[in-house]
Amino acid sequence: MSGPGNVESLLREALSPVEPPADLASRVTSRLQSISDHAADELENWELAAMRDPRNWLRPALALLGGGAAGAGLVLLRLHQRQRRDAESGSEAAHAGDGDAH
Amino acid sequence: MSEPAKTKAQLDEEFAALYRTHMRDLYSYAYYRIGNHHDAEDLVEQTFLQAYRHFERAQRESDGRPLRPWLLRIAHNLAANHYRYRSRRPQTSLEESGPVAALHSTEELVSGRDELARVLEGVKRLPDDRREALIMRFALGMDNREIARALGRTDGATKVLLHRAIKQLESLVALAEAGA
């Protein structure tokens with residue numbers, strides 16, 4: 001053997017790429033597909049099971065109540081603001097009327 | 001502004017393209033690393049299954065760089081675990097647990113060519129990290145930077161690793177020649 005260059009060229013020859021078996025790609029594909037399907041089924045079953053369990057109703061119910069309360073609060077706030085605005089514009093009109101009278 | 005999240009179908013399609021592109025490289029690495037077709041197939045399959053789980057994140061974090069070193073990093077870690085697992089099972093025969101116990105049909109390919117056979121024999125005797133670096137360079141044609149990313153080393157450390165691997169291989173081959 002005559003040096004590093006020679007070893008490197010021998011290495012290139014000795015370690016030639018190896019072709020995978022023809023069915024390996026399809027095996028990996030079907031394995032991935034089954035994992036993906038399994039995960040989707042699991043998720044669906046989990047969601048259905050979760051819906052049937054009354055312990056899991058509390059959170060959506062609380063969310064509904066919370067949402068309802070927030071909505072009602074907003075309506076009241078708007079009403080209150082409108083009443084204040086009406087009252088303010090009424091008193092301004094009254095003051096303006098007073099000024100005109102003098 | 002961040003890109004919109006990809007749909008699962010898009011990700012699956014991109015992943016399929018990834019494994020079609022790198023299947024041969026992964027298989028070559030696994031084959032030379034483990035030494036038999038059965039375990040090499042298993043290693044490739046496990047590598048892609050693990051890669052699939054983290055593909056979206058890897059794509060995000062790769063910043064457009066090629067994902068081959070990432071795949072090889074997964075295979076490298078799985079191969080290391082494979083030997084650790086086997087070394088904890090004393091009932092396994094030495095032949096099965098030894099690295100690259102039977103180097104396949106390349107041996108058949110190189111039969112009659114003593115020089116190549118001695119080089120392959122030398123590669124088998126190298127420590128794992130040196131052998132892996134040589135496989136990545138010569139079987140997969142990776143450059144120093146890619147090998148560094150796959151092995152989790154710096155570019156400089158990888159250059160030194162390759163240099164030492166070749167030096168050690170030369171000594172092993174020279175010894176074998178002297179003994180022949």
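1. Helices and strands are taken here as DSSP runs, a helix needing at least four residues and a strand at least two. On that reading chain A of this predicted model contains three helices and zero strands, and its elements follow the pattern α-α-α along the sequence. Of the 102 residues in chain A, 8% count as buried.

2. On confidence, the model as a whole scores ipTM 0.74 and pTM 0.67. Chain B averages a pLDDT of 84, with 81% of its residues scoring at least 70. Residues 90-103 of chain B should be read with that in mind, for over this stretch the pLDDT is below 50, although in the model the stretch has 18 contacts beyond near neighbours in sequence.

3. Turning to the interior, the largest nonpolar core has 47 residues, and those with the most contacts inside it are B:Tyr29, B:Ala30, B:Ala75, B:Ile135 and B:Met136. Helix H1 of chain B, which covers residues 8-34, gives the most to this core, contributing nine residues. For B:Ala30, once neighbours within four places in sequence are left aside, the residues in contact are B:Ala40, B:Leu43, B:Val44 and B:Ala75; B:Ala75 is itself among the core residues with the most contacts.

4. H1(B) also deserves a look for its geometry. How far does H1(B) span between its end C-alpha atoms, set against a straight helix of 27 residues? The straight helix would span 39 Å at 1.5 Å a residue, whereas H1(B) spans only 33 Å. A kink of about 50° is present in H1(B), centred on B:His22. After the helix comes B:Gly35, whose phi is positive, near 100°.

5. The contact between the chains takes 22 residues from chain A and 30 residues from chain B. On the side of chain A that touches chain B, helix H1 (4-14) and helix H2 (24-52) of chain A each supply at least two residues, and the largest share, eight residues, comes from H1(A). Which kinds of residue make up the side of chain A that touches chain B? They divide into 15 nonpolar, one polar and six charged.

6. To bring the points together, chain A has three helices and zero strands, and H1(A) gives the largest share of the side of chain A that touches chain B. In chain B, H1(B) gives the most to the largest nonpolar core and has its kink centred on B:His22, while residues 90-103 of chain B have a pLDDT below 50.

How values were computed:
Residues are numbered from 1 along each chain as its sequence is written. Chains are lettered from A and ligands numbered from 1 in the order in which they are written. This is a predicted model: local features need pLDDT of at least 70, side-chain atom pairs count only at pLDDT 80 or more; totals for chains, interfaces and linings use all residues. pLDDT is the predictor's confidence in each residue, from 0 to 100. Two residues are in contact if their C-beta atoms, placed from the backbone, lie within 7 Å. A residue is buried if 20 or more other C-beta atoms lie within 10 Å of its own, exposed if 12 or fewer, and partly exposed in between; C-beta atoms are placed from the backbone. A nonpolar core is a set of buried Ala, Val, Leu, Ile, Met, Phe, Trp, Tyr and Cys residues joined through C-beta atoms within 7 Å. Ala, Val, Leu, Ile, Met, Phe, Trp, Tyr, Cys and Pro count as nonpolar, Asp, Glu, Lys and Arg as charged, and the others, Gly among them, as polar. The expected span of a helix is 1.5 Å times one less than its number of residues. The bend at a residue is the angle between axes fitted to the seven residues ending there and the seven starting there.
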